[in-house]
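Here is a short note for a colleague who is meeting this structure for the first time. Please keep the sequence and the model open while reading the numbered points.

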Amino acid sequence: MTYRKSRQTQQKIIAAAEKLFYEKGVADTLQQEVADLAGINRGLIYHYFKTKEAIAVIIFQQFISDFSQKLRSEILCGETDEVVISITSGRVLFRYLMSIGELERFYNQIAAQSEVTQFIESEVLRDLKGEAEFCGVDIPDVTMQVYAGILTGIEANILELISRKRTEMPVDDVISIYNMLHLSLLNLTGRQRSEKIEKSIELADSIVITPKNAFAAPIMCRNTSGK
């Protein structure tokens, strides 16, 4: 039998998978469980997604996009330094992923997927282009693409180091080392890089995040009391 793809059915599958992946992890979730929760025949899932990992990749991409957009538009909208905005966004997202066990597990289980790597690399490349334009630095596209690939690999290694407890260095110190490497492409002096990183830490510390359900973008606000 041939089924016509329905966006409503697709969303049912994704919503069911979100709940199960968050509660049990991708590895321990069965296709049948997703089908039962979505109220559909298991065979119908394969009509929309080749694997459960393919569903997980879509969930991850949407979560990152929603989180970043919310952070930039609602919390960091008053900032004018694109470099500070970029590295603050990354720091806040990284902290959040590492603070929620279910999200950390979810990421670790899908990190090796090529689609995840490609998505993160495209996000890094977009940020690099915005930062270079803000700093007035003319960087060839091929150079930025190579750099984006290198930084994406470093990000993956950092997440593995921290999640597997292979370093005793505080998370923020590790992120700052990554930021130093990241900002070296922009022809900034060591002092300029340090100042921007310090500003990003200050901003990140002022942001209060309250988790919502599963992969929904959390509630965010700025703590301006200085406490």
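1. By about how much of helix α1 are K19 and E23 separated? The model under discussion is a predicted one, and in it these two residues are four apart in helix α1, which covers residues 7-24, so that about one helical turn separates them. Their side chains meet in a salt bridge, with N and O 2.7 Å apart. Neither end of the pair is buried in the sense of falling under 20% relative accessible area: K19 is partly exposed, with a relative accessible area of 42%, and E23 is partly exposed as well, with 46%.

2. A similar arrangement can be checked in helix α4, which spans residues 52-75. Here E74 forms a salt bridge with K70, and the closest N and O atoms are 3.4 Å apart. Since E74 and K70 are four residues apart in helix α4, about one helical turn lies between them. E74 is partly exposed, its relative accessible area being 46%.

3. The structure holds 12 salt bridges in total, and two further entries deserve a look. One joins the side chains of K24 and E33, at 2.6 Å from N to O; K24 is partly exposed at a relative accessible area of 28%, and E33, with 25% relative accessibility, also counts as partly exposed. The other entry is a network of salt bridges that links R72, E82, E123, R126 and D127.

4. What does the side chain of K52 reach, given that K52 is buried yet has no salt bridge? The nearest side chain of opposite charge is that of E53, 4.9 Å away, whereas a salt bridge requires the nitrogen and the carboxyl oxygen to be within 4 Å. Instead, the side chain of K52 reaches the backbone oxygen of V26 at 3.0 Å, and a polar atom of this side chain lies 2.7 Å from the backbone oxygen of T29. Leaving aside residues up to four places away in sequence, K52 touches F21, V26, A27, T29 and Q31, so V26 and T29 appear in this list of contacts too.

5. Helix α10, residues 190-205, can be read from its length and then from its two sides. Its 16 residues should span 22 Å at 1.5 Å a residue, and the end C-alpha atoms are indeed 22 Å apart, which agrees with the expectation. The buried residues of α10 are R193, K196, I197, S200, L203 and A204. Because these residues cover an arc of only 120° around the axis, they lie on the same side of α10. They pack against helices α5 (82-99) and α9, and against strands β1 (207-210) and β2 (219-222). The face turned away from this buried side carries the exposed residues R191, E198, E202 and D205.

6. A last point concerns N187, which is found in the loop between α9 (171-183) and α10. Its phi is near 60°, a positive value in a residue other than glycine, and a reader may wish to look at the backbone there. Is N187 buried or exposed? With a relative accessibility of 62%, N187 counts as exposed, since the cut-off for that class is over 50%.

Methods: Residues are numbered from 1 along each chain as its sequence is written. This is a predicted model: local features need pLDDT of at least 70, side-chain atom pairs count only at pLDDT 80 or more; totals for chains, interfaces and linings use all residues. Side-chain values use heavy atoms; hydrogens and water are left out. Buried means under 20% relative accessible area, exposed over 50%, partly exposed in between (1.4 Å probe, protein chains only). The expected span of a helix is 1.5 Å times one less than its number of residues. The arc is that of the directions from the helix axis to the C-beta atoms. Contact means heavy atoms within 4.5 Å. Lys and Arg count as positive and Asp and Glu as negative; His and the chain ends are not counted. A polar contact is a pair of N or O atoms within 3.5 Å; within protein, one must be able to donate a hydrogen and the other to accept it, and residues adjacent in sequence count only if both atoms are side-chain atoms.
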